[in-house]
Amino acid sequence: MPQKRSLPTVLDLSKSELEALVVGTGEAPSRTGQLWRALYHERRASFDGMTFLSLRCREALKRRYVISPLDPVQCLASKDGSTDKAVFRLPDGELIETVLMRYEPDGHRKVRRTVCVSTQAGCALGCTFCATGQQGFRRQLSVGEIVSQVMFMERLAGTDEEAQMADGTQTRSERQSVTNVVFMGMGEPLANYDNTLSSIRTLTDDQGLHIGARHITVSTVGLVPPILKLADEDQPINLAVSLHAPDNVTRSETMPVNRQYPIERLIEACKTYIAKTRRRIFFEYVLLHGQNDHVHQAEALGRLLTGTLCHVNLIPVNPTVDGPYRRSARECGSAFQAKLREYRVPSTVRTEKGIDINAGCGQLRARAVAVDAEVL
Ligand code: SF4
């Protein structure tokens with residue numbers, strides 16, 4: 001019903017806001033916990049079956065809220081089955097995308113299922129190598145719109161689990177759905193700071209989705225004030241910073257934000273973040289052929305980051321259809337990495353998965369894969 005679609009999502013409410021709503025309909029405050037669990041733990045899709053709430057309360061919820069604000073308009077699966085991408089229409093017609101990536105166990109790591117979420121419809125920052133950046137900013141996503149993306153992918157990942165349990169390749173005790181979340185989809189998460197942080201609190205809530213903070217990564221283009229603010233939050237999440245060049249001239253060519261927050265200020269903020277949180281930072285470096293992949297630039301990057309608690313992810317660019325950039329040769333990535341090694345800066349050259357369904361943000365999946373591969 002069209003009228004219904006314009007209602008906000010109940011997932012936008014904090015626990016205390018939910019309690020005020022529940023108590024306002026005459027329920028005991030203790031019902032809030034049950035409602036919270038029904039929404040986030042049991043992933044109920046409708047208020048109707050929540051019979052632990054009075055009819056009055058359920059009707060009040062239905063009149064004022066929907067549960068999921070997402071209308072999936074396209075779901076694509078990669079040929080190798082490792083990656084799914086969903087495009088969602090939001091109640092006001094804006095489109096966003098979300099990606100689910102599956103990883104088989106390797107070495108010391110268990111099965112992982114990582115969701116890459118969007119935090120804004122469009123993006124104002126205009127990085128020249130990014131398809132989303134070329135669309136411009138539309139609006140901020142709400143807390144519920146961010147969390148719902150993970151919950152949708154939970155259901156998708158859950159169907160894998162049922163299949164694995166049925167064929168005996170996974171037992172109930174090994175059962176897990178989404179294990180990691182990376183804030184690397186459309187938009188700049190730190191430009192939607194409050195909603196990003198609130199959604200992290202919901203994702204990590206042990207009565208809800210219960211995803212460990214250490215399995216959550218927030219990526220930023222390098223906004224200095226929110227990086228410093230994040231350093232004071234009590235959230236042991238991972239921070240990834242898109243660097244993509246070791247000098248201001250080169251960086252400003254592809255990342256207009258560098259004119260506002262040049263490299264010196266950005267690195268200083270990163271060092272403050274590391275000193276306060278004692279956590280390493282992931283620096284993302286998309287290799288653009290002929291632009292930032294020369295050995296002398298690797299040397300400059302080594303000088304810039306030597307002695308810093310960090311890890312560099314070197315990511316061969318995924319060229320967009322109309323974009324001006326070409327992928328660097330494999331040898332180029334190896335030479336770049338070897339130079340960083342001379343400066344004792346740890347790095348990894350990444351390859352991406354699910355490239356055949358990458359129809360949206362040019363770098364979305366590549367960046368997400370690169371950082372996630374380093375996060376346990
Ligand atoms: S790379 Fe990220 S910050 Fe840059 S334009 Fe794309 S979405 Fe925005």
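## Around the ligand

A residue is near a molecule if one of its heavy atoms lies within 4 Å of it. With that in hand, let us look at the ligand in this predicted model. The residues that surround the ligand are Cys 123, Leu 125, Gly 126, Cys 127, Cys 130, Gly 133, Gly 187 and Val 221. Sorted by class, this shell holds 5 nonpolar and 3 polar residues, and no charged ones.

## Cysteines

One member of the ligand shell, Cys 130, has a relative accessible area of 13%, so this cysteine is buried, the cut-off being under 20%. Cys 75 has a relative accessible area of 49% and is therefore partly exposed, as it falls short of the over 50% needed for exposed.

How many disulfides are there? The count comes to 0 when a pair of cysteine sulfur atoms has to lie within 2.5 Å. As a reminder, a disulfide is a covalent bond between the sulfur atoms of two cysteines.

## The chain as a whole

The protein chain contains 12 helices and 12 strands. Of its 376 residues, 57% are buried. Taking the contacts with a separation of 6 or more, 66% are between residues 24 or more positions apart.

## Two nonpolar cores

In soluble globular proteins, nonpolar side chains tend to be buried together. Here, the largest nonpolar core has 94 residues, and Val 10, Leu 39 and Phe 283 have the most contacts inside it. Helix α5, spanning residues 143-166, gives the most to this core, contributing 8 residues. At least three residues of the core come from each of domain 1 (2-64) and domain 2 (71-372).

Leu 39 is a good place to zoom in. Leaving aside neighbours within four places in sequence, Leu 39 is in contact with Val 10, Leu 11, Leu 18, Arg 44, Phe 47, Met 50, Ile 67 and Met 151. A second core, separate from the largest one, has 8 residues, among them Met 101, Tyr 103, Ala 240 and Phe 282.

## Ala 157 in helix α5

Now for a closer look at one residue of helix α5, namely Ala 157. Is Ala 157 buried or exposed? Its relative accessibility is 0%, so Ala 157 counts as buried.

Which residues does Ala 157 touch, leaving aside its neighbours within four places in sequence? Ala 157 is in contact with Leu 100, Arg 113 and Ser 177. Arg 113 lies 44 residues from Ala 157 along the chain, yet the C-alpha atoms of these two residues are separated by 7.4 Å.

Notes
Residues are numbered from 1 along each chain as its sequence is written. This is a predicted model: local features need pLDDT of at least 70, side-chain atom pairs count only at pLDDT 80 or more; totals for chains, interfaces and linings use all residues. Side-chain values use heavy atoms; hydrogens and water are left out. Ala, Val, Leu, Ile, Met, Phe, Trp, Tyr, Cys and Pro count as nonpolar, Asp, Glu, Lys and Arg as charged, and the others, Gly among them, as polar. Buried means under 20% relative accessible area, exposed over 50%, partly exposed in between (1.4 Å probe, protein chains only). A nonpolar core is a set of buried Ala, Val, Leu, Ile, Met, Phe, Trp, Tyr and Cys residues joined through side-chain atoms within 4.5 Å. Helices (H or I, at least four residues) and strands (E, at least two) are DSSP runs, numbered from the N terminus. Domain bounds come from an automatic or database domain assignment. Contact means heavy atoms within 4.5 Å.
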